[in-house]
Amino acid sequence: MEQRALGRQGLKVSALGLGCMGMSDFYGARDDAHSIAVIHRALERGLDFLDTADMYGPFTNEQLVGRAIADRRDRVVLATKFGNMRTQDGAYLGINGKPAYVREACEASLKRLGVDHIDLYYQHRVDPTVPIEETVGAMAELVKQGKVRYLGLSEASPSTIRRAHAVHPISALQTEYSLWSRDPEDELLPTVRALGIGFVAYSPLGRGFLTGRFRSVEDLEPGDYRRNSPRFQGENFAKNLQLVDKVNQLAARKSVQASQLALAWVLARGEDIVPIPGTKRLPYLEENLAAADIRLSAEELRELDAIAPLGAAAGLRYPEANMKSLNR
């Protein structure tokens, strides 16, 4: 698989990564054995970039990924995150960017993952009560100690990114980006490109909506987090379905899946962008991997721009309370 550079510090990863969150949390029932098989197959196919976080599970997703890579660590670029605090039973405790917590969280992640270093360590959400310089300063100490190789931020604003980058080079910004979440094009992408920071696009399939597999909210499992997502609600769902149907029509003309078209679009937005679609099913993994070989013509790109311009999706990307932690 094609390799792409994230930042200017030497970090290179496969053009497609694998988001592992849904294997343990938020998206219905889990099957660890099947999820490990998905990770192994991804590595066999040349994907080497795995994304997890301490809050997923909570804590169990890192353990799962650790078990999956225990005998093949040298083939993996391993990314995890800290900052969103949860209790063992899943209760949310808020965001913590204090230096002491950065060190504590890193040690806990290393233990759960069963590794001696993390390749890319993100602050999952910016803590508005702690200057970013203090948080990134603590993260930089982890680099000096050899516990972390490269640093990243997630859902940070342009001004925060600049301040953080002045303390220690930031290699990657992870933010939601897809045909129905194009907000980063306004300020974030120009900012990271000016600074030489790579961009990791999470939810590049719109939390699965852009696959076209969901025709009703009832298609989601009872405990699925997306049942509470504004874009999966009522009139928003109906409007977003119209957008997906148009993507489906173009995909059919090109003899590919809607999901593959959506991923190919993200990949075409720049060689500094790496989408990390998540899946816990082997057939969907194979579909996603095949998207890396799809090339879109200038006319197809123009048609997708017309189908899904900036702001086309109906509804917020998260419930209103969660929106407050984004882009700050």
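## Strands S9, S10 and S11

Strand S9 (residues 148–154) and S10 run parallel and are joined by 3 bridges. The model described here is a predicted one. Within this pairing, Ser154 has Gln174 of S10 as its bridge partner. Between the two strands the chain passes through helix H5 (residues 158–167), and this β-α-β crossover from S9 to S10 is right-handed.

On to strand S11 (residues 198–202), S10 is joined by 5 bridges, and these two strands also run parallel. Here Leu173 is partnered by Phe199 in S11. The connection from S10 to S11 goes through helix H6 (residues 188–195), in a β-α-β crossover that is right-handed.

## Burial of S10

Strand S10 covers residues 172–176, and 5 of its 5 residues are buried, so the strand is largely enclosed by the rest of the structure. Both of its faces are covered. On one side lie Ala172, Gln174 and Glu176, and on the other lie Leu173 and Thr175, all of them buried. Two residues of the strand thus appear in both descriptions: Gln174, the bridge partner of Ser154, is buried on one face, while Leu173, the bridge partner of Phe199, is buried on the other.

## The whole sheet

The three strands belong to an open sheet of 8 strands, in the order S3-S4-S5-S8-S9-S10-S11-S12, with parallel pairing. Strand S3 (18–19) and strand S12 (273–275) stand at the edges; each has a single partner strand, so one side of each is left without a neighbour in the sheet.

At the S12 edge, the pairing of S11 with S12 is parallel and spans 3 bridges. Val200 stands opposite Val274, a residue of S12. As a rule, the strands of a sheet pair through backbone hydrogen bonds, in either a parallel or an antiparallel sense.

## Helix packing

Two helix pairs can be described. Helix H4 (residues 132–144) packs against H5 with the axes 9 Å apart and an angle of about 40 degrees. That angle makes H4 oblique to H5. The crossing in which H4 passes H5 is right-handed. H5 is also the helix through which the chain crosses from S9 to S10.

The other pair is formed by helix H7 (residues 234–254) and helix H10 (residues 298–307), whose axes come within 10 Å and cross at roughly 165 degrees. Angles over 145 degrees count as roughly antiparallel, and H7 and H10 are therefore roughly antiparallel to each other. Their crossing is right-handed.

## Backbone geometry in loops

Most residues other than glycine have a negative phi, and most peptide bonds are trans. Glu155 has a positive phi, near 55 degrees, and is not a glycine. It sits in the loop between S9 and H5. With a relative accessibility of 2%, Glu155 counts as buried.

Arg207 is not a glycine either, and its phi is positive at about 55 degrees. This residue is located in the loop between S11 and H7. Arg207 counts as buried at 7% relative accessibility. The peptide bond joining Gly57 and Pro58 is cis, with omega about -5 degrees. Pro58 lies in the loop that runs between strand S4 (49–51) and helix H2 (60–69).

## Ser229

The loop between S11 and H7 also holds Ser229. Ser229 has a relative accessible area of 2% and is buried. Its C-alpha atom is separated by 15 Å from that of Asp25, and the two residues are 204 residues apart along the chain.

## Cysteines

The model has 0 disulfides. Cys20 is in none, and its nearest cysteine sulfur, belonging to Cys106, is 18 Å away. A disulfide requires the two sulfur atoms to be within 2.5 Å. For Cys106, the closest cysteine sulfur is the one in Cys20, and at 18 Å it is too far for a bond. Cys20 is buried, with a relative accessible area of 0%. Cys106 likewise counts as buried, at 0% relative accessibility.

How values were computed: Residues numbered from 1 in each chain as written. Predicted model: local features only at pLDDT ≥ 70, side-chain atom pairs only at ≥ 80, totals over all residues. Heavy atoms only, no water. Buried < 20%, exposed > 50% of the residue type's maximum accessible area, 1.4 Å probe, protein only. Helix = DSSP H or I, 4+ residues; strand = E, 2+ residues; numbered from the N terminus. Pairing = 2+ DSSP bridges. Right-handed = clockwise from strand over helix to strand, strands pointing away. Axes fitted to C-alpha atoms, helices over the stretch in contact; angles between N-to-C directions. Parallel < 35°, antiparallel > 145°, perpendicular 65-115°, else oblique. Left-handed = near helix turned anticlockwise from the far one by under 90°.
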